[in-house]
Amino acid sequence: MPSAFVFVVPAGVSLVLALLTAAAYHQARRGYLAVWAAAWAVAVLYYLALIGAVMAGDPAGDVFGMLGPAGTTLGWARAVVFWLGARWLVGKPPSRRLVALLLLGTLLWLGCVLGLLEGQGLAAPVTRMGEATWFLAAAAVLLLGGPRSMVGLLAGTMLLLLGLQGFLASWLVMDLTGTIASGWVSSALALAVGLSVLGRLLEEEREVANARSRELAAANARLAELDRLKSDFVSMVSHELRTPLGLIKGYVGTLLRRDATLDDATRLEFLQVVDEETDSLTELVTNLLDMSRIEAGTLRVDCQPTPLGPLLEDCAARLRAREPARRLDVALPPALPLVLADERRIAQVVENLLTNAVRYSPDAAPIAVRARVVNGSVEVAVADQGPGLTPEQRAQVFEKFFRIDQSDSRRFGGAGLGLAICRGIVEAHRGRIWVENGAGGGSVFAFTLPVQREEP
Ligand code: ADP
């Protein structure tokens, strides 16, 4: 009975693919491999059913006409599982609802094919067309629905050809040679689909390797950046310590010289310099401690309902006392709600912003302090008429040790810690701090603090 041999090759190919895919699943435990192993196993059963049907029936007749319920069900199941496999392959496994719908559809379809069409000669083409439609649907999933990948493209094209071949075969009345040729073509296509599915594993391995090397490169860059920060830190701290220490040493040395004949006014002036430089050393050490607390997440803020108006007026008064020539405008709405704030820390933020505004803008340029209520927060803004910041500088200005002028000869000392500390303090209050360019030039540094909610 020669025509039974027509199905030996496809059965063999499906068996090999089932075993290979099952072995790959055993190794890699990917869901799509399990589904495809099942698909090839169903295909093996399907071809065995065909062989059985041919051997039991009239070899001259159309084997699809003699399929019987088992062969028809297995053929349909094979095509549906191919479609499921395609969905799994692109990472879109079907929902339970879809699986239930598929089962229902399968029952209806089998009812139609087995009941209505049996004996009408239509069963064969309708069965083939039904299966071919699923192959085309699987091809569509891979070619249109999934992410772009070689495997998707290859397997999708092969399934497309398999579907087209199925349609073609359902229209042709084939003799034995035609059936053999068709069986060989579909075996070759099935083999290509199966190997592409296995190729997905290679693709995944490559993706994992790429992701790993990207992670390594990022970790490397982070380490290099940390290293740079550490060197910056050491050179900044030594520079910031050396300048005041040098001055203190120089002035104290002169004061201590026995042969120095200094009048009282000069002595006082020297002692004032020593006093100021000691203050700046203390400030540096305090800032370093604050920064390390912020970074360790241990900065404590004692938030209490606080009226911001008096706090801002106090900061402004202190600045006016230090800089009597500078114009400072404070514009506050009449009734600002209480905010939740640690008064000492928020005063530190405002004074830092005011000091920067004075430092980095021309002597005659006015400074403005404004406050307003926005979305359950109070927003405080300090605007100056200085040079403003470029977008790159705005993005970095709250980073620690960031200074626009890095030169040793810069006009103002400063470790580039002030704004980083401001950000740490504001964020510890669950607020936000940012900088934008002012409408008429200069910078506007603004931050928000949450309004204290009324107790019900
Ligand atoms: P420091 O002032 O101690 O250097 P900051 O963190 O307070 O550190 O500021 C970081 C840098 O941001 C400053 O060195 C300065 O270059 C820039 N900067 C801060 N405030 C202003 C401002 N109002 N206008 C222009 N540049 C500013």
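Let me begin with helix H6, which gives the nonpolar patch its largest share, five residues; helices here are DSSP runs of H or I with at least four residues, numbered from the N terminus. What we are looking at is a predicted model, in which local features need pLDDT of at least 70 and side-chain atom pairs count only at pLDDT 80 or more, while totals for chains, interfaces and linings use all residues. Residues are numbered from 1 along each chain as its sequence is written, and side-chain values use heavy atoms, with hydrogens and water left out.

The patch covers about 670 Å² and is made by Leu-143, Leu-144, Met-150, Leu-153, Leu-160, Leu-161 and Leu-164. Patch residues have over 30% relative accessible area and no salt bridge (a side-chain nitrogen of Lys or Arg within 4 Å of a carboxyl oxygen of Asp or Glu), and nonpolar side chains are joined within 5 Å. Helix H5 (123–145) and helix H6 (150–171) each supply at least two of the patch residues. Leu-153, in helix H6, counts as partly exposed because its relative accessibility is 49%, the class between 20% and 50% with a 1.4 Å probe and protein chains only.

Turning to the interior, there are two cavities of 30 Å³ or more, a cavity being a set of points on a 1 Å grid where a 1.4 Å probe fits but cannot get out. The second largest has a volume of about 30 Å³, and its lining, residues with an atom within 4 Å of a point, includes Trp-40, Tyr-47 and Arg-78. Helix H1 (8–28), helix H2 (31–56) and helix H7 (176–256) each supply at least two lining residues.

Note on methods:
On a 1 Å grid over the protein atoms alone, a cavity is a set of points where a 1.4 Å probe fits but cannot get out, and a pocket is an open set with protein on both sides within 12 Å along at least five of seven lines; lining residues have an atom within 4 Å of a point. Grid points are joined across faces, edges and corners, and a volume is the space filled by probe spheres set on the points. Patches are made of residues with over 30% relative accessible area and no salt bridge: like charges are joined within 9 Å, nonpolar side chains (Val, Leu, Ile, Met, Phe, Trp, Tyr) within 5 Å. Accessible areas come from the Shrake-Rupley method with a 1.4 Å probe; for residues, only the protein chains shown count as cover.
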